[in-house]
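Here are some worked exercises to go through with the viewer open. Try each task yourself before you read the solution.

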Amino acid sequence: MLDLHQYESLGAALRDALERWPDEVCLIEADRDRENCRLTYSDFKQMALPLARALQDSGFREGDRAAIIMTNQSKWLISAYAIFHCGGELVPLDYKLTAREHLQLLAHSKANVLVTEHHLWRAIVASPGFKDLGVQTVLVTEASTSADLAGAKRWEEFKAEGEPRFVPRRRQDPACIVYSSGTGGRPKGCVLTHENYLEQCISLTSLYPFWPGVRYLSILPTNHAIDFMVGFIGPFTCGAAVVHLRTLRPEYVRDAFPRYKIAYMSLVPMVLKNLEKGLGTRFAELPAHRRWLLDRLIALNKRLTGKRPKLKISRALLKQVHQAFGGELRALFVGGAFTEPATLQFFYDLGIPVANGYGLTEAGTAVTLNDFNPFRPDTVGRPLPGMEVRIADPSDEGIGEVAVRSKTVMSHYLDDPEMTAEAIVDGWLMTGDLGRIDPTGHLQLFGRKKNMIVTEGGKNIYPEDIETVFEGLPVKEFCVFAANYLWPASSVTGEMLVIVLRLEPGHEFDDALRCELAERNRRLPDFKRVRGYVIWDRDFPRTASLKIKRIELAEQIRASTERATAVAAL
Amino acid sequence: MPTLDQTTDEILKLAATHFKVAREKLAPGDDFFEKLKIDSLQALELLTRLENHFRVELPDYEMQGVTSFRALAERIQSRL
């Protein structure tokens with residue numbers, strides 16, 4: 001791989017990667033059983049440089065921002081490189097957000113350029129806030145010839161001749177602005193520097209290396225910190241290849257493993273559990289004698305790999321299972337949310353190590369990762385090289401807030417010094433997560449100090465962000481909380497959002513209110529919905545400017561109720 | 001070619017059968033995630049069923065933001 005210590009910026013490292021492995025395949029884009037494109041590093045460069053030149057010709061300059069809202073596809077990475085080549089700052093936005101949310105974050109980031117897919121652009125154009133869009137250049141991909149582009153340009157035609165100027169950036173300059181939340185009220189735009197990414201990449205690849213010929217299957221959204229790192233920067237700076245699959249249908253994901261000889265893939269716990277369920281069903285359908293044999297082989301594999309993974313042995317013992325995964329699989333990465341130890345153990349026993357970890361965008365992706373030395377499914381692994389992790393104000397059991405210090409921690413929250421000062425204290429990132437470090441240095445998580453939940457799909461949901469849809473509800477006042485924040489559970493399971501309702505005097509919680517709540521809830525994506533309600537019989541404590549004192553209200557609720565009796569399902 | 005109402009009705013019947021929900025409990029404007037109590041992976045399963053039934057291809061990336069049976073029907077109808 002490239003020696004990333006030598007580089008000042010992602011653009012410089014990627015530029016050298018394109019030169020160093022010209023004939024190696026770097027990117028494959030597949031859609032179901034079709035292959036849309038297969039690019040070598042040289043092909044990639046031939047596509048990115050004319051785009052970079054056209055961006056420069058259009059006035060895109062060093063430090064300008066360009067947002068990408070796209071599903072996983074080759075044009076995502078080509079555009080990202082072109083932006084870095086121009087010295088630009090990348091704003092990767094989640095394509096699953098609504099058009100209204102896209103517009104909010106585009107405005108907050110002050111992006112000059114937007115690269116998006118035509119169907120997403122259509123939704124943005126149809127959104128009421130479209131008239132205020134301040135982006136100067138919009139590039140859309142895959143628009144039909146007759147499509148109304150509403151002022152956008154076709155990505156496929158946006159290219160110019162002539163060598164684009166490579167614009168160098170320094171390590172401390174911003175590389176990306178990644179929104180960890182805040183579409184409702186206060187956007188949290190994590191400003192991540194070139195150094196943050198270069199150091200994270202050095203750290204991760206020291207444990208899980210890539211090399212030419214190795215393939216990574218990218219199914220997590222590329223805007224997600226994990227996929228951006230292990231599905232772009234990591235493989236590219238090592239001469240490896242990324243396979244984009246434009247569908248998440250399980251049958252095609254399964255087929256992709258043997259077809260592309262996948263070595264690594266990242267996924268969220270929900271998908272991992274689904275994979276476990278699928279395998280479990282297939283095992284259960286085996287004839288009794290074959291099932292008996294499989295169980296014996298799994299038991300033998302478990303005994304032989306107890307201390308550390310031994311891929312060759314596992315592949316030989318459980319040949320059919322490994323062949324179904326293409327026979328080249330080295331590890332699955334799971335992150336973004338809590339993974340049940342039993343699920344991790346299930347795969348480990350089959351000889352498929354699942355590297356679970358703990359991280360957050362503010363820390364530049366991963367903080368800890370399981371290194372299988374030995375396998376500890378009850379933890380989220382040990383701190384990655386270069387990461388300092390300490391437990392702030394530990395209780396008698398050693399549990400306290402996880403604090404992180406490293407070169408990978410973000411520079412600041414964009415345009416929000418107050419929130420930055422709360423998050424980074426004396427150089428330590430206060431994560432808001434509760435944990436304990438055991439005597440072997442493994443981190444165990446015990447819930448959250450902050451009012452938020454993380455879904456099994458890896459989405460961070462902050463209650464404040466979703467309250468706007470309940471505005472105008474026919475109640476005196478309301479407030480949304482994470483249930484585990486109201487009633488700390490020493491656990492990161494059973495997370496849900498609840499709405500606390502203070503009814504108008506003389507009113508009761510009736511069917512009309514239930515319907516109204518359900519109707520408002522439906523306006524939210526399924527993973528953001530409120531799952532329960534609490535009737536509260538006192539006025540909410542408020543500040544002089546009439547803002548709800550959330551912490552005080554939570555304390556009052558915690559002191560006088562229990563979750564089991566206070567929360568009714570919605 | 002079937003009308004949009006007919007396509008919607010077909011979708012409701014298929015969803016009701018596949019996810020074992022009474023057909024009369026489903027309405028065109030319903031959010032299928034909520035009504036069928038399904039997650040995003042099960043929604044992909046539903047899309048595959050619908051593709052096989054209507055013999056159309058529904059790219060995942062174009063189905064972003066589609067949550068109601070009616071919107072689903074419109075996407076299918078445009079491909080029939």
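**Exercise 1. One residue in a helix**

Is A:Ile233 buried or exposed, and how many C-beta neighbours does A:Ile233 have inside 10 Å?

Solution. Before we start, keep in mind that this is a predicted model.

- Step 1: find the residue. A:Ile233 sits in helix 7 of chain A, which covers residues 225-236.
- Step 2: apply the cut-off. A residue is called buried if 20 or more other C-beta atoms lie within 10 Å of its own. A:Ile233 has 25 C-beta neighbours inside 10 Å, so A:Ile233 counts as buried.
- Step 3: list the partners. Skip the neighbours within four places in sequence, and A:Ile233 is in contact with A:Leu10, A:Tyr197, A:Cys201 and A:Phe228.
- Step 4: check a pair on the distance tool. A:Gln104 is 129 residues away from A:Ile233 along the chain, and their C-alpha atoms are separated by 27 Å.

**Exercise 2. From the helix to the sheet**

Work out which strands flank helix 7 of chain A, and what unit they make with it.

Solution.

- Step 1: go to either side of the helix. Strand 10, helix 7 and strand 11 of chain A make up a β-α-β unit, and the unit is right-handed.
- Step 2: look at the pairing. Strand 10 (residues 215-218) runs parallel to strand 11 (residues 241-245) of chain A, with 4 bridges joining the two. On this side, A:Ser218 is opposite A:His244 of strand 11.
- Step 3: turn to another partner. Strand 10 also pairs with strand 12 (residues 264-267) of chain A, in the parallel sense and over 2 bridges. Here A:Tyr216 has A:Tyr264 of strand 12 as its bridge partner.
- Step 4: check the faces of strand 10. A:Arg215 and A:Leu217 are buried on one side, and A:Tyr216 and A:Ser218 are buried on the other, so to speak a strand with both faces covered.- Step 5: place the strand in its sheet. The order is 2-1-11-10-12-13-14-15-16 (chain A), an open sheet of 9 strands with mixed pairing. Strand 2 (34-40) and strand 16 (382-383) of chain A are the edge strands with a single partner strand each, so one side of each has no neighbour in the sheet.

**Exercise 3. Another β-α-β unit**

Which elements of chain A make a right-handed β-α-β unit with helix 3 of chain A?

Solution.

- Step 1: name the parts. Strand 3, helix 3 (residues 74-85) and strand 4 of chain A make the unit.
- Step 2: look at the strands. Strand 3 (residues 65-69) and strand 4 of chain A run parallel and are joined by 4 bridges. A:Ile68 stands opposite A:Pro92 of strand 4.
- Step 3: check what covers strand 4 (residues 89-92) of chain A. A:Glu89 and A:Val91 on one side are buried, and A:Leu90 and A:Pro92 on the other are buried too.

**Exercise 4. A sheet further along chain A**

Find the edge strands of the sheet with the order 25-26-27-28 (chain A).

Solution.

- Step 1: describe the sheet. It is open, has 4 strands and shows mixed pairing.
- Step 2: pick the edges. Strand 25 (477-482) and strand 28 (568-569) of chain A each pair on one side only.
- Step 3: zoom in on one edge. Strand 27 (residues 532-535) and strand 28 of chain A run antiparallel, with 2 bridges between them. A:Tyr533 has A:Ala568 as its bridge partner in strand 28.

**Exercise 5. Sizing up chain B**

Why does the radius of gyration of chain B agree with that of a compact globule?

Solution.

- Step 1: list the elements. Chain B has 4 helices and 0 strands, running α-α-α-α from the N terminus.
- Step 2: compare the radius. A compact globule of 80 residues would have a radius of gyration near 12 Å, and chain B comes out at 11 Å, which agrees.
- Step 3: add the extents. The C-alpha trace of chain B spans about 25 × 25 × 20 Å along its principal axes.
- Step 4: look inside. Buried residues are 21% of the 80 in chain B. Of the contacts in chain B between residues at least 6 apart in sequence, 55% join residues at least 24 apart.
- Step 5: check the confidence. Chain B has a mean pLDDT of 89, with 100% of its residues at 70 or more. Within chain B, helix 1 (residues 4-18) is highest at a mean of 93, and helix 2 (residues 32-36) is lowest at 86.

**Exercise 6. Where the chains meet**

How many residues does each chain bring to the contact?

Solution.

- Step 1: count. Chain B brings 14 residues and chain A brings 16 residues.
- Step 2: assign them to elements. On the side of chain B that touches chain A, helix 2 and helix 3 (40-54) of chain B each supply at least two residues. Helix 3 of chain B gives the most, with 4 residues.
- Step 3: sort by chemistry. That side of chain B splits into 5 nonpolar, 4 polar and 5 charged residues.
- Step 4: note the scores. The model has ipTM 0.82 and pTM 0.85.

How values were computed:
Residues numbered from 1 in each chain as written. Chains lettered and ligands numbered in written order. Predicted model: local features only at pLDDT ≥ 70, side-chain atom pairs only at ≥ 80, totals over all residues. Pairing = 2+ DSSP bridges. pLDDT = per-residue confidence, 0-100. Rg over C-alpha atoms; globule rule 2.2 N^0.38 Å. Buried ≥ 20, exposed ≤ 12 C-beta atoms within 10 Å, placed from the backbone. Contact = placed C-beta atoms within 7 Å. Nonpolar A, V, L, I, M, F, W, Y, C, P; charged D, E, K, R; others polar. Right-handed = clockwise from strand over helix to strand, strands pointing away.
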